[in-house]
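Notebook open, structure on screen. I want to go through the metal site and then the charged pairs.

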Amino acid sequence: MVGDQILVVEDNARNMALLRDVLQATGYRTLQASTGREALALATAQEPALVLMDIRLPDMDGTEALRLLRGNARTASIPVLAVTAQAMAGDRERFIEAGFDGYLSKPIDVDALLAAVRLHDGRETPNPGANS
Ligand code: MN
């Protein structure tokens with residue numbers, strides 16, 4: 001596994017550009033997918049250190065994409081953070097319960113994004129007590 005490669009799954013071009021630019025400026029390499037199918041193919045082929053997963057995708061729900069990643073031995077252990085505009089009370093808990101390793105709400109807060117990415121990028125010992 002390459003510790004600096006992050007797969008960004010996002011179908012909104014503006015959000016994708018923001019995530020890509022921030023991550024690249026911070027020294028990560030990015031893979032980009034705009035559908036669940038593309039995400040699964042890229043994750044399987046490249047085995048990124050981390051996946052940032054939009055929830056509303058054109059071809060499937062991000063939670064379904066997560067389920068498929070978890071069901072594939074090559075991608076089962078890759079941390080996946082939900083990135084979503086759903087910011088209702090209880091959503092964080094729902095996404096964690098669904099199996100995501102963390103949760104980021106839109107609009108993206110750059111500091112929160114980088115803190116979450118650093119926590120899950122595999123460069124440091126994971127802290128199982130913290131979800132972001
Ligand atoms: Mn979307």
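**Entry 1, the metal site.** Before listing anything, I fix what I call a donor: an N, O or S atom within 2.8 Å of the metal, with water not among the atoms, so a site may look incomplete. I also keep in mind that this is a predicted model.

Which protein atoms does the manganese ion have as donors? I find Asp11 (OD), Asp54 (OD) and Arg56 (O), at 2.0 to 2.1 Å from the ion. Written along the chain, their spacing is D-x42-D-x1-R. Asp11 sits in the loop between strand S1 (5-9) and helix H1 (13-25), and Asp54 belongs to strand S3 (residues 50-54), so this pair ties together parts 43 residues apart in sequence.

I looked up accessibility for both aspartates. Asp11 is partly exposed at 37% relative accessible area, whereas Asp54 is buried at 3%. I put the cut-off for buried at under 20%.

**Entry 2, salt bridges.** How many salt bridges does a search of the whole structure find? I get eight. As a reminder to myself, side chains of opposite charge can pair when their charged atoms come close.

**Entry 3, Lys106.** I started with Lys106 and Glu10, which form a salt bridge with their closest N and O atoms 2.9 Å apart. Lys106 is in the loop between strand S5 (102-105) and helix H5 (110-120), and Glu10 is in the loop between S1 and H1, so the bridge ties together parts 96 residues apart in sequence. Are these two buried or exposed? Lys106 counts as buried at 18% relative accessibility, and Glu10 is buried at 2%.

Lys106 also forms a salt bridge with Asp54, again with 2.9 Å between the closest N and O atoms. With Lys106 in the S5-H5 loop and Asp54 in strand S3, this pair ties together parts 52 residues apart in sequence. Shared partners join Glu10, Asp54 and Lys106 into one network of salt bridges. I note that Asp54 turns up here and is also on my list of manganese donors.

**Entry 4, Glu47 and Arg74.** I checked another bridge, where the side chains of Glu47 and Arg74 meet at 2.8 Å, N to O. Glu47 is in the loop between helix H2 (36-46) and S3, while Arg74 is in the loop between helix H3 (62-70) and strand S4 (80-84); the two are 27 residues apart and link distant parts of the chain. Glu47 counts as partly exposed at 29% relative accessibility, and Arg74 is partly exposed at 44%.

Note on methods
Residues are numbered from 1 along each chain as its sequence is written. This is a predicted model: local features need pLDDT of at least 70, side-chain atom pairs count only at pLDDT 80 or more; totals for chains, interfaces and linings use all residues. Side-chain values use heavy atoms; hydrogens and water are left out. Donors are N, O and S atoms within 2.8 Å of the metal (3.2 Å for Na, K and Ca); water is not among the atoms, so sites may look incomplete. Helices (H or I, at least four residues) and strands (E, at least two) are DSSP runs, numbered from the N terminus. Buried means under 20% relative accessible area, exposed over 50%, partly exposed in between (1.4 Å probe, protein chains only).
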